[in-house]
Structure formats: structure tokens, C-alpha cells
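Hi,

Here's the structure I promised to pass along. Have a look at it first, and my notes on what turned up follow underneath.

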Amino acid sequence: MGNWTEQQKNPLTDRSLEVCDLIELEGVPISLELDDNTSFLERMFSDSSDFVLRKFQLKNSVHAIAIFVDGLISTNDVNDALKALMVLEDGSDQIGVIEEALLPVSQISRVKDYKGLLQAVLSGDTGIIVEGNREALTLGIRGADTRSVNEPEGEAVVRGPREGFIENIRTNTSMVRRKLKTPRLKMKSLVVGRKSNTNVVVAFLDGVANSELVDEVTHRISRIEIDAVLESGYIESLIQDNEYSPFPQVMYTERPDTVSAALLEGRVAIFVDGSPMVLLVPTTFWMMLQASEDYYERFQMATVVRWLRYLFLLISLVTPALYVAVTTYHQHMLPTSLLLSIAAAREAIPFPAIVEALIMEIAFEALREAGIRLPKTVGQAVSILGALVVGQAAVQAGIVSAPMVIVVSITGIASFTVPHFNAAISIRLLRFPLMFAASLLGIYGILVGLLIIVGHMASLRSFGIPYLSPVAPMSVGDLKDVLIRAPWADLKDRPSFLGVEQARRIGEEFLKKYQRAEEQSQNKEAKERERHDE
Amino acid sequence: MMNNRRNRKGLTRFCLIVSIVSILLSGCWDRREVNDIAIVIAMSVDKEEDGKYRLGVQIPLVGSMGSLSGGGGGTSGNKSYYVDSAVGKTLHEARAILQTRMSRILYFAHYRVVVIGSEVARSGFSKPFDIISRYPENRLTSYVVMTKGKAIDLLNAHPQLERFSGESIRELVKAVTIPVSIKDMAQMNITPGLDTFLPVFDPVNTQPKGDSKEIEGMGIAFFRGDKLIKTYKRSEAVGIRWFQNYFNPFSLVVELGDKGFISAMVLKGHAVVKPLIKHGRIHFDIHLYASVFMPETMAPLDFNDQSAFRKVERRLSEEITKKVDFLLKESRKHRVDPIGLGLVFAKRYPKLWEDKYKKRWNEELPHITFQIHSNVQVTNIGQTTNSLMKEGL
């Protein structure tokens, strides 16, 4: 690292500098001597079968090399570029002239040091070094194989766009750009990871998102020191406020429309190359309970569906705990006939309710996990086995009671109504401590547990925004997008708790200014016409 | 950062200690699984000849209720409950004795009816009912009924339709009589100017062969204070329904002249009682209102004719007046006030009540006078105006 000066040994000829990370090459200049460059690169990329170093001559017999990684480039286009240099033009050996006049490539840039050059080449560009130049060219002719844009599997909708992000960051940013065609949409580029050198893009709407927030996000990401970023989850884990909380404080999505909507609310999106999941900050708890479809469907439906989610969130959290508490402490709370039914079902069960609940809940979690990881064909077999063995055989064998199976099924279904998987998981996790509390202290224990959970949630912050806002702290105007989903005509303001710089979604101030300007110009025209008439 | 880490360490240590302690405590002293309790669904209180109380409990045998195997469902061969009882100087002692022969904890939070035997009723229900209001497991919303014989016989009856006789009594109380809960009973007992009444149920054999013991609502018992005064048959005591908050529908049969009988279903009814001081005596003006459905007439009536309605209404008014008149006369005769005339009077003349009558209302009862006006409306005569079978009538 650092600037290489004349006093220091030239790393290109210094044999001691073997392989290293890109960051150590910062400021290492490109040599005027092509042979130095060649030998350095060959040393650097020894045993790299995918690295290609192509020596060639320009038409005027000046030596040059092209370097690229096989598989990351589009071979035909690189051939065309090389043809332009080797065959068609008879031009100069000056890199500036080559860039501006000779190479018919739309994305081209000049780099001065090896860090920039190799960063570009390893990302899929083609590098060209010409004898006698201190700068190299990188040609953005990429052609790596990527997955095509598909329907997002994790966030399917009935109504709404059917495209989801893929692993290529450029495709991803383009999908958002296609939705927000405004120069206000900014995309700051960062590189994270010593070994992976992953491209990370921080996207936000300039003039809408709070600029301090944007700075904070950029700062937190650039502070990251890590080997490699293989998924946006790495970034999430390293920038969130409280790593030890069970609640996710950074939301992820694979839907471009969700990202656009969040940007329009004044949030910041973080794209990570190689991951189809885009992070959104700041995240509030209620975002986890909203699906993009809420905003596309009629608002009455969306409102009712939201209520349903809130209800089922609570159900998935407390039902097993409540069952344990009621059957071990509070039998008087049940209607008599229901108590008799439960008593009859539990008559032959050898375990106390809490053990029974744990057996079933753990079995359910195992089934769910097995179902996700296994290949689809086997997954079906697992679910049949699970339904038969756990559901029916266990009841008939008298190991668990039928009401417990019902409770666990309701809990399982309820937890799947939460649209975002990571929130559903944290809720599912929390019901275990609640079950223990219920078995020790009954309903009192459940209430204490819930209080602790709510207290913890209220203390959480995501990039300075309280996790439960706008409910706690209360901001009444924003509740119309939480308690209900107000019709679009009533959602004129962006969420105020985000500290946005432009509060109105529909810029009325701007409209007024525009109208005033138009009126003035019309007046002027009218006056001129009058004068002309005179 | 350092500080933060130290805090986290402290928190971890705290959590660890709490979880270890809670494992060691493993207390849960109130823990009581559903399979460890014997759910009492009905209870009986009798008084033995030696002055001790017999507490009877009815407990469902949840194991033989057959939801596991799926089949069966209360055939008479396989009883789904059993009844046991014990004698003690107090009810709690009896309970303790019962408990010594039960492998499960007696659980009293779910009984639906308390049956008291006639001996308890005669000697006063206050003493045995103390525990019922005191013991936290008990429910004040359970119903109380009286039986003419031994209370435990009612628990031992085996009605066919329900799985337990307790359940059967509860349903019957709600359907055919005026339901009285423990709370109602306590209120009637302690309110001056209002006396307690209880529905009476007896075990009877099915007719005519007598296969099983069913339970039948027999009438109403009047109490003065906590002691039984007299029991009345179903048809004698219907008048009291007009003076309750919720009017429980019942049917009435009257003879229309000598032309034949008609049945009337009294659907709604209420009474307005106006107390007056007339010639220095307490007088009650009682207005009765009723709306009636006619499910059956055996008398030749043509309901196309308005006068037929009026005839029926007049006849029913007479009958209802007679019922309430009987009730009030009995009330005067036995110095009991299940209607709550005293309460009505107290609301109208609070000063006079407080000074003169509150203490000796039951002594004053024989001297009251009353006038009954009744107003009956036939609101529904069913689907036909004339009987399809008119020729035969």
C-alpha cells in the first residue's frame, strides 16, 4: 500500500512481491516497458488457467498486450476490438488517441495503476497495455453467463411485476433505473472485501432521502473489513445496529418494485454484486409485515389482509405458549366441554404439556427445514412422511394429543403469513422462550415474556430510526400506512419519521412554482402581443 | 466500545444466572396437568340425619369418553361419569374425605349446577353455601336447583340425551324454568324486600316403561330467608315469570268455554308494578302484558273474524290474572315475597320503607292489597286461519 517512489524498489521487477491482494497494488504504476508488465502479470497470475494474456502488435508494429479473464468477457466483441487495433486502423501508439479515435468500444476508460487495472479485469473488463504508455485501457466488454431475470420465488405476488433481481449487480440497478427515470436516483459505488472485491452500490433518491442517512450508510459500508462478501447477508450483519437481537434490522427484497417504493419513501437501498437480495435501510418492524402487493390491490383488501397478518403474527407467537399455560395452570379459563375434550385427548399422553409442545414444535421445525433443503422430488416425500408420522401416527400411538397437533399446525400456518422470511423466523424462534415461560409461570409468564419482547423491540434502532416507528414513538400521520393501507390519494406524504427532505410525494410546491412561471411567461407574451399590435 | 462489551458480558452473566436458578427452582407448584385433575361438573349437598353434610360430586371419566378411538359415544352400558359422596361436619371436611379416595385432584372450577336436597333447604342453605362464595375455584355463575328428595339421587339419574346429568340439569334450567345462579341466589337472599326461589328438579322414570332415570323440571320452591317454605307445581308457579328480567317462554292450556281446549305459547311478557298507599294500607297496581303465539286450538275458532281474537285474548287474560293472583295470595298467606314487591315499594317510598317496613316486611305482607290488570295480545296464529280439520271440530 502507499505511494511507490523512486527510492523504493520497483515492484514490477522485485521478485519478492509475488501474489497479493488488489489493495496492496494501490499506486503501483504501469511500466513503460511492456516486458516488465508482462513478466509481472505472468508472475501474478501463474497457475491461473482462466487468465489470458494476449500479446499482439498494433498496425504500426508497436507491441501491446490484452489481458482478460476467460469466461467473463464476450469473446466476439473482444475480437472486434483487437481487430480494430491490429488490422483496420493505422494509427498512433498513444493511448489517448487509441481511446478516442481507434477503439470502437462504448465503455472504455483509462487507468494509471495496477489496482485499477486488475480490479477492472477481474470484474470482466479487458485490459490493454501498449508499449511506451504509463496508462492502460480497460474495455467494458463483459459477457459472463448470468441467470436470466425470473419471477422472484421468495416474494411471489398475484398482482404486480413478475421480475426479480438476479446475481448481476448491473442488471439489478438497471431494473430499478427503469422504474425511476430521474437524475435524482443516485447510485454510489463501493468495493468491499479484500479477496472478493465485491461491488456494492448504495442507491438513494437525492433530495428525498435524508443526506445524513446516506452518509451514515456509506460510512458503515466503507468501514467494513472482511475477506469476502458472498451474499448481502454479510453486509447486513456488519452494518446493523444490534447484532444480538433476534429481530432483523435490515430488510431484504428481491423485487425491484419494492426497492423503488422504499427509495421513494426516502430509504436507502444497498445492492451487492452476486446477490439477488437488495438490502433496504432503515427498516422498521412494520415493513416486515407488508407485502408489495398491498399497494397494488384495492385498499380495503390490503387493509384487511394487513390486520390478518397482525393477528396471525400474534397467534404464531403465543398459541403454543397459551395452550401450555391454559392446560397446566388455567383450566378454569376453558369452556367446560372444551376442557373435557382436551382432557379426553390428553388422557393417555405420557408427557406434560410443555414436553409435548416441544416435541411437536421441534418436529415441525425439522420438517420445515428438511423440506427447504431437499430436492423438490424428495421434499414431497418428506412432507407426506411428516404429515402421516407426526400428524396421525403420533396421535394414534398416544405420544402427542390431537389438540397439540392442531395448535402446532395453526402456529406453523400463521407464521407463514408473515411476508418476509427473516421476520417469520425470529417470531418462530421467540415462541420457544415464551413456551418455557408459560410452563413455569402460566399466563403471567407469557405476559412477562411479551413485555420483555416489546420492550426490546422498542429499544431497537435501525440507522437511528426506532424499530417500532411510527407506532412507538407515535406519529399519527404515518399510521395510515401501518394500521390500515390508506388509498393512494391519501398517501401524499412520505413517512415523516424517516426525516425525508421532500415531505410530499407529489411535489405541490414544485407544481405551484411551475404554474407561476408559466403564467408569467403567458403574461409577458400577451403584453408583447399588445405592444406589437400597437 | 469497551464499555459496550462489558455491558454485554454483564448481561450474559445475568441471563445465565437467571436460567440456572429457574432450572434449579423447577417449582411450578401450581402446575396441574389436565390428566391430574378430576373435573367436578355437578355437585350435590345433602343434610344427613345427624346434622352432618353429604357432599356429592359428579366426575366425568374422560378416558372412556372415546374421542381417541372415535367410536361409541355414550351408550348406556359404558358410563361416562361416576358419582361419589362423603359426609363431613363441614363441606370442606367432606371434600377432604372424598379426596382421600381419589387419585386426581378434585377441581371445582367447572361445576355447572349445585343441587341441594330438601333437608338442606328446610334447615337453611346459608351454612353450606358459605364455602361456595368463599372458595376461589367456585363459580358464581353455576346454577342452583333444589330437589324434593336426596340431592345425590338427582346426580345419579342417567338422562339419555346428555353425557352427564349435570349437563342435562344445566340445559333444562336454561330452557324450562327460571334459571337461578349462585350469584342470583345470594342477591335474593340478602336483599330486603325480596325472597329466594329456586327451581325444583326431580328424577323420574321414562314413561311408560321406565327404562332410565330422566330429570324433570317440577316447579318452583319459595324460601323465606334461607329456609324452604313451600314448593309449587309447574303450572301453579308460572305467574312469577312476569316479574323476572328475562321472560322465559312457556305454554299455557285453557278451556274456551266448554267448546274445547286451546294451547297458547306465551312468548313475551312483562309486568309494571305500581305501589300506592291506599287507606293507610299498601296497595299494588299490577299491569301484566303478554304476547302469545297460538300453536293449537281444539275449539272451533274462525280467525278471519276479529272477534275470535278478542275472545281468545280475553280468556287468556283471565287465566294469566288467575295465575298471578294465585301467586300473590300464596305470597300473602305464607309471608314470602319472591316477586320482590318490597323492593318495588322501597324504590317508590324509600323513606317510609326505611323507617317502617324494612325490618318487618314479611310480617306486613298479609296486609297488602293488590289489583291485577292484564293485557294479552295474540300476535301469531301460525300458518292457517281456519283449521283444515274444521268439519270435525
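A quick definition before the loops come up: helices here are DSSP runs of H or I with at least four residues, strands are runs of E with at least two, and both are numbered from the N terminus. Also, please keep in mind that this is a predicted model.

**Odd backbone spots in chain A**

With that numbering, A:D47 sits in the loop that links α1 (34-44) to β1 (51-57) of chain A. What caught my eye is its phi: about 60°, so positive, even though A:D47 is no glycine. Is A:D47 buried or exposed? It counts as exposed, because only 12 or fewer neighbours are allowed for that label and A:D47 has 6 other C-beta atoms within 10 Å.

A:F463 is another non-glycine residue with a positive phi, this one about 50°. You'll find A:F463 in the loop between β11 (461-462) and β12 of chain A. Here the surroundings are crowded enough for the other label: A:F463 has 21 other C-beta atoms within 10 Å, and 20 or more means buried.

**Cis peptide bonds**

Where are the cis prolines? In chain A, the bond from A:A472 to A:P473 is cis, with omega near 0°. A:P473 belongs to the loop between β12 (465-466) and α15 (508-533) of chain A. In chain B, B:Q207 and B:P208 are joined by a cis peptide bond with omega about -10°, and B:P208 lies in the loop from β8 (197-205) to β9 (213-224) of that chain.

**A helix pair in chain A**

Helix α9 (residues 299-328) packs against helix α13 (residues 402-415), both in chain A, at an angle of about 160° and with axes 8 Å apart. Angles over 145 degrees count as roughly antiparallel, so that is how α9(A) runs relative to α13(A). Their crossing is left-handed. On the α9(A) side the contact involves A:F312, A:I315, A:S316, A:T319, A:P320 and A:Y323, while α13(A) brings A:V407, A:V408, A:I410, A:T411, A:A414 and A:S415. Sorted by class, that contact has eight nonpolar and four polar residues, and no charged ones.

**Between the chains**

How many residues of chain B are in contact with chain A? There are 21, and they meet 19 residues of chain A. The chain B side of this contact is made up of 11 nonpolar, five polar and five charged residues.

Cheers

Note on methods. Residues numbered from 1 in each chain as written. Chains lettered and ligands numbered in written order. Predicted model: local features only at pLDDT ≥ 70, side-chain atom pairs only at ≥ 80, totals over all residues. Axes fitted to C-alpha atoms, helices over the stretch in contact; angles between N-to-C directions. Parallel < 35°, antiparallel > 145°, perpendicular 65-115°, else oblique. Left-handed = near helix turned anticlockwise from the far one by under 90°. Contact = placed C-beta atoms within 7 Å. Nonpolar A, V, L, I, M, F, W, Y, C, P; charged D, E, K, R; others polar.
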